[in-house]
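Colleague: Before I rely on the labels attached to this model, I would like to hear the reasoning behind several of them. Could we take them one at a time?

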Amino acid sequence: MVFFHRIDNSSPFTTSYRCYPVSFLADNFRSSVEKGGKIIMPPSALDVLTRLNVQYPMLFKLTNQQANRTTHCGVLEFVADEGRIYVPYWMLKNLHLEEGGLVSVVNAALPVASFARFQPQSTDFLDISNPKAVLENALRDFACLTVGDIIAISYNERIYELKVLETKPKDAVTIIECDMSVDFAPPVGYQSTDSGSLSKLDNVDAHQIEEDHIEIPSLVQGFQVIS
């Protein structure tokens, strides 16, 4: 007797995976995953997602239920080992997960971002000659922002961490195809005597930094499955 599994197209995609950092991946995938906010999922996930009425681009809510920690992400490829996902190291830290820890994955529909406020986690960020241009370029590899996350961006072979302090219209947003106003809070460890360096973030005092706009270009939504 043959049994058929019925898929309800109105149901969300929801499952759990063992979560690993990208250091467990082959070298050709590591840099592309580590530098952004997208994950690698198994081919079976794509098979299920294509049968469900999910919104494109595919976005996901990741939750460590034991630690009550949540973040959001896009997907880069569907080539992970079955039962596993691979994530950037900063995402693993935000979720308070150990290597191989269990994470819940649910597809998500997020509003398009109109505003985001970041706080560099070190005054080293002020050493960058044009920090907003660097951030704009780095965000091209992200699909979502979640308030409370500390994201990592790479520039000149250095890693800079920025905390997401605020996003609008909600606390989790997609930044694909958006024109987003950006605000910087003074970096962690900033001293008022560093006002000359702080001016790189828009010549505003330590309490409020003037808004600027970052345009995130349209991204091609395509997936390659390698068996």
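Modeller: Gladly, with the reminder that the model is predicted. A fitting place to begin is K168, which lies over the face of F115 at 5.2 Å from the ring centre.

Colleague: What makes K168 count as sitting over the ring of F115?

Modeller: The distance part of the criterion asks for NZ of Lys within 6 Å of the ring centre, and K168, at 5.2 Å from the centre of F115, satisfies that part. R84 is likewise placed over the face of Y20, at 4.1 Å from the ring centre, where the atom that counts for Arg is CZ.

Colleague: Why is the pair of F125 and Y160 called edge-to-face?

Modeller: Ring centres must lie within 6.5 Å to pair, and planes over 60 degrees apart count as edge-to-face; the centres of F125 and Y160 are 5.9 Å apart and their planes stand at 70°, so the pair is edge-to-face. F125 lies in the loop between strand 7 and helix 4 and Y160 in strand 10, so the pair ties together parts that are 35 residues apart in sequence. Ring pairs also link F118, F125, Y160 and F184 into a cluster.

Colleague: How do you know that F125 and Y160 are buried?

Modeller: Buried means under 20% relative accessible area; F125 has 1% and Y160 has 8%, so both meet the cut-off.

Colleague: Why is strand 7 described as largely enclosed?

Modeller: Five of the six residues of strand 7 (residues 115–120) are buried, so the strand is largely enclosed by the rest of the structure. Strand 7 pairs with strand 10 (residues 158–168) in the antiparallel sense over six bridges, with P120 opposite L162, while four bridges join strand 7 to strand 12 (residues 178–184) in a parallel arrangement, where R117 stands opposite D183.

Colleague: How do you know that C19 and C73 are in no disulfide?

Modeller: A disulfide needs two cysteine sulfur atoms within 2.5 Å. For C19 the nearest cysteine sulfur, that of C73, is 9.1 Å away, and for C73 the nearest, that of C144, is 6.5 Å away, so neither meets the cut-off; the structure as a whole holds zero disulfides.

Colleague: What makes the buried residues of helix 4 line one face?

Modeller: The buried residues of helix 4 (residues 131–138) are P131, K132, V134, L135 and A138. Seen down the helix axis, these residues fall within an arc of 160°, so they line one face of helix 4.

Terms used:
Residues are numbered from 1 along each chain as its sequence is written. This is a predicted model: local features need pLDDT of at least 70, side-chain atom pairs count only at pLDDT 80 or more; totals for chains, interfaces and linings use all residues. Side-chain values use heavy atoms; hydrogens and water are left out. Buried means under 20% relative accessible area, exposed over 50%, partly exposed in between (1.4 Å probe, protein chains only). Helices (H or I, at least four residues) and strands (E, at least two) are DSSP runs, numbered from the N terminus. The arc is that of the directions from the helix axis to the C-beta atoms. Two strands pair if DSSP finds at least two bridges between them. Rings of Phe, Tyr and Trp (its six-membered ring) pair if their centres lie within 6.5 Å; planes under 30 degrees apart count as stacked, over 60 as edge-to-face and the rest as tilted. A charge sits over a ring if NZ of Lys or CZ of Arg is within 6 Å of the ring centre and within 35 degrees of the ring normal.
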